[in-house]
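Okay, everyone, thanks for coming. I'd like to walk you through some helix packing and a pocket, so let's get the picture up.

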Amino acid sequence: MTVFTTPGRAILGGSFNPPHTGHLRLAVEVREALGNLITGVDLVPCAVPPHKDATGLLPFALRASMVDACIKNVPWLACNRLEARRQGPSFTWDTLLAYREAEPHRDLYFILGIPDFAQLPLWHHGLDLPRLCHFVVVPRDDVREADFTAIIEKNWPTAQEHPPLLANGLCRKLPGGGLALFLPVPRIAISSSQIRQLWLAGRSVDFLLPDVVVTMLREHKADIGKHWSGLARG
């Protein structure tokens, strides 16, 4: 993959079922860390999760509307609905291909947690993704820089050292041309499954979600209850 001088775009995918403060704070951290390398961050709701059970997934339109409401007043954040325009599983490979075809001269920085980074061999064309994007890898739990390096050595044995692009993170050049950047940001321990469990139990989800999402959950209570009812984890 060619590295371009045009500012790129960061991409944060997920089910956003529902979108929460952790998603938004991660977008802020990436925006601040990458600085002039990007123009902003796209939140990309998944239409048909290829690696997860879709049981309990709210309708795409509702999830995307929640994302829109969260970022309404943040000009560098956007919601991209491209995955709803495709049939079949929402493979990251296909999503990044669509981005690349739309803007062939713009760098893409795909954000993912280190557990997903380790699972890329199981993804559709997962190990080929560096042909299309750079990775911004963020830690989870006690998984840190040594684990990041070990995953690269296992999955891409010919990866090369690369001067750091970020002030406080490792960088490796992967086969295909994309870079893997380790971004050691503080983790906010919020999950959509935790929020769903609280909501189903009738407990408060205040401060875990933007106020506008809390309001939307109340407004769509019957529809959301129909989809989330009976869920344990996810």
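Quick bit of vocabulary before we start: a crossing is called left-handed if the near helix is turned anticlockwise from the far one by less than a right angle, and right-handed if it is turned clockwise. And keep in mind that this is a predicted model.

So, which hand does the crossing of α6 and α8 have? That crossing is left-handed. Helix α6 runs over residues 192–200 and helix α8 over residues 221–228, and their axes come within 11 Å, crossing at roughly 115°. Angles of 65 to 115 degrees count as roughly perpendicular, so α6 is roughly perpendicular to α8. On the α6 side you've got R196, W199 and L200, and they meet K221, I224, G225 and W228 in α8. By type, that contact has 4 nonpolar residues, 1 polar and 2 charged.

Now α8 has another partner. Its axis sits 5 Å from that of α7, and the two pack at an angle of about 85°. Those helices are therefore roughly perpendicular to each other as well. Here K221, I224 and W228 of α8 meet M216, L217, R218 and E219 of α7. This contact splits into 4 nonpolar and 3 charged residues, with no polar ones.

Last thing, the second largest pocket. Its space comes to about 200 Å³. Some residues we've just met turn up in the lining, including W199, L217, R218 and K221. Which helix gives the largest share of that lining? That's α7, residues 211–219, with 3 residues. Overall, the lining divides into 4 nonpolar, 2 polar and 4 charged residues. Okay, that's me done.

Definitions and conventions
Residues numbered from 1 in each chain as written. Predicted model: local features only at pLDDT ≥ 70, side-chain atom pairs only at ≥ 80, totals over all residues. Heavy atoms only, no water. 1 Å grid on protein atoms, 1.4 Å probe; cavity = no way out; pocket = protein on both sides within 12 Å on 5 of 7 lines; lining within 4 Å. Points joined across faces, edges and corners; volume = space filled by probe spheres on them. Helix = DSSP H or I, 4+ residues; strand = E, 2+ residues; numbered from the N terminus. Nonpolar A, V, L, I, M, F, W, Y, C, P; charged D, E, K, R; others polar. Axes fitted to C-alpha atoms, helices over the stretch in contact; angles between N-to-C directions. Parallel < 35°, antiparallel > 145°, perpendicular 65-115°, else oblique. Contact = heavy atoms within 4.5 Å.
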